[in-house]
Amino acid sequence: MTASAPILSVQHLCKSFRDLKAVDDVSFEVGAGEIVGLLGPNGAGKTTTINMVLGVLSPTSGSISIDGVDLRTQRTRALSCTNFAAVYAPLPGNLTIEQNLRVFGMIYAVKDLTARIEELLRDFDLQRFRKTKAGLLSSGEQTRLSLAKAMINRPRLLLLDEPTASIDPSTARDIRASIEAYAKAAQCGVLWTSHNMYEVEAVCDRVMFLSRGKVLLQGDPKQLTKDHGAASLDDLFVQVAHEALHDANHPALHPPSRVGVPAP
Amino acid sequence: MNPSRVGAIIMRQLYLYRGSPQRILPMFAWVAIDILLWGFITRYLNQVSHSGFNFVPALLGAVLLWDFLTRIMQGVTMAFFEDVWSRNFLNLFATPLRTSEYLSGLVIIGVTTSLLGLAAMLVLAWAGFGLSFFSFGAALAPSVLILFLSGIALGIFGAGVVLRLGPASEWLIWPIPSVVSPFVGVFYPISVLPAWMQVIAKALPPSYVFEAMRQVVAGKPAPWEQLAIGGALSVAYLLLACAFFASVYRYAIRTGLIARYSAETVA
């Protein structure tokens, strides 16, 4: 984690749906220029956490601040410097790529929008589809459009929920590289969820394992793998998810003994 | 309120209208059919009644005014449904967009499309059947304003209902004008209604417009006090509709409805 003020600070975040604790006292930070992987089996609370950071789901308790701005009290300001891409949130299929980027650019009040759109069309290799309706694109092209939209406001915090799903390996590598380059150049914090452990290991500076709404482990992906005697991050994921699922009293559920890096 | 964000909502709808005859045609087609149908009915009634009463301003004028309210409501809800159908809520509300900006955008585009439809109706009613809206005198301006505000209120209320109950509930929204119309006396005086319906009529702003219209057509002075009550009610309903939508939105944020809103999945 960087020494500078965090871009995203999540403190004691909880979300309950009736008796179900979807997110249970989760605290973490994402620093400037840092890419943090949010990992966990389905239903672990990753998307619930991301939705709370995006302001579309209110926490039961806890606080979220983005670039030092409290999300609950200054939602508009906090979300002005945030953006996201998710496989489950396709952009309107009845608008063209250019129209989608213009609409969202206007929502974020992007200055010199036409030039920014051109830049993104070039960066994500979407120029030849600019007049194509988003609904007619292949899933990989739609993902690239979602990523272009996610970059439109040059966000300080970028939330990516399986950003390279449906993309061929070559394009996925290019996209990973451009996100990494953007994060470092713009000192943008990135919260990245993926089930592709190879990708996570390659891209993320730090990972957090979530299970049943709790952070089980967090730390450098390579160091965590080594510390827990796993052959790979993929093996560690399977091991932790399996143990946590079958043993509610597993030590992993009781930090700090298994926690690689203490939660801030 | 940020004009760029309101503009984005309007722009999104304008993009849909651009080059989409299937969206533009209904703006004019249904109103034209209504005017033709009721225009010929009123012409026939004028021929057979021999009473000297001119049915054109009474019936055709009423149809025109009622269509105006209906089109405004549908303009607002249609713009909202575009986001329902394209499952766009997560994209929209995970941005700095405020609900007031979103609703303002919907209302501006809804009103704009309705005014275009109204203009077409006026031209057709005047050219085809000799209806001059100016025959309603000074009462026309407040009457149109009341219907305008009532249509917006109904549109925002409808959007709130669909946001709360899910996409399938859009079929509850389309018949709302038809359900309201018997109570507001579009074609007959409120006095012919049973007592319980009259109580409801008094609570509905359009009923004051149609009562006023009939008085003016009958050569009586416009009932300004009644129009003022209708105006106050329409403002109150508009505020209530906005409060209702805001409350549904807060519920949706609390429960995660916005994030998981998709076709047929909302419990």
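Two strands count as paired when DSSP finds at least two bridges between them. Keep that in mind for the first exercise, and remember that you're looking at a predicted model.

**Exercise 1. Work out the strand order of the open sheet in chain A, and find which strands stand at its edges.**

Step 1. Line up the strands: the order is β2-β1-β4-β5 in chain A, four strands in an open sheet with antiparallel pairing.

Step 2. Look at the ends of that row. β2 (20–30) and β5 (69–70) of chain A each have a single partner strand, so one side of each has no neighbour in the sheet. Those two are your edge strands.

Step 3. Zoom in on one pair. β1 (residues 8–17) of chain A runs antiparallel to β2(A), and seven bridges link them. For a spot to click on, try Lys15(A), which sits opposite Val23(A) in β2(A).

Step 4. Now add the helix. α1 (residues 46–53) of chain A packs on this sheet and touches β1, β2 and β4 (61–66) of chain A. The direction of α1(A) makes about 115 degrees with that of β1(A).

**Exercise 2. Describe how the two domains of chain A meet.**

Step 1. Get the bounds. The domain assignment gives domain 1 as 1–81 + 156–264 and domain 2 as 85–154.

Step 2. Check the spacing: the C-alpha centres of the two domains of chain A are 25 Å apart.

Step 3. Count the contact. Domain 1 of chain A brings 15 residues and domain 2 of chain A brings 12. On the domain 1 side, β7 (157–161) and α6 (169–186) of chain A are the elements giving two or more residues. α6(A) has the largest share, with five residues.

Step 4. Sort that domain 1 side by class: eight residues are nonpolar, four polar and three charged.

**Exercise 3. Decide how helices α6 and α11 of chain B are oriented relative to each other.**

Step 1. Find the axes. Those of α6 (residues 140–165) and α11 (residues 224–255) of chain B come within 8 Å and cross at roughly 20 degrees.

Step 2. Apply the cut-off: angles under 35 degrees count as roughly parallel. α6(B) and α11(B) are therefore roughly parallel to each other.

Step 3. Add the handedness, which is left-handed where α6(B) passes α11(B). The contact of these helices has 22 nonpolar, six polar and one charged residues.

**Exercise 4. Profile chain B's side of the contact with chain A.**

Step 1. Chain B puts in 24 residues, and chain A 23.

Step 2. On the chain B side, α1 (3–17), α4 (89–93) and α11 each supply at least two residues. α1(B) gives the largest share, eight residues.

Step 3. By class, this side of chain B has 12 nonpolar, eight polar and four charged residues.

Technical notes. Residues numbered from 1 in each chain as written. Chains lettered and ligands numbered in written order. Predicted model: local features only at pLDDT ≥ 70, side-chain atom pairs only at ≥ 80, totals over all residues. Axes fitted to C-alpha atoms, helices over the stretch in contact; angles between N-to-C directions. Parallel < 35°, antiparallel > 145°, perpendicular 65-115°, else oblique. Left-handed = near helix turned anticlockwise from the far one by under 90°. Nonpolar A, V, L, I, M, F, W, Y, C, P; charged D, E, K, R; others polar. Domains from an automatic or database assignment. Contact = placed C-beta atoms within 7 Å.
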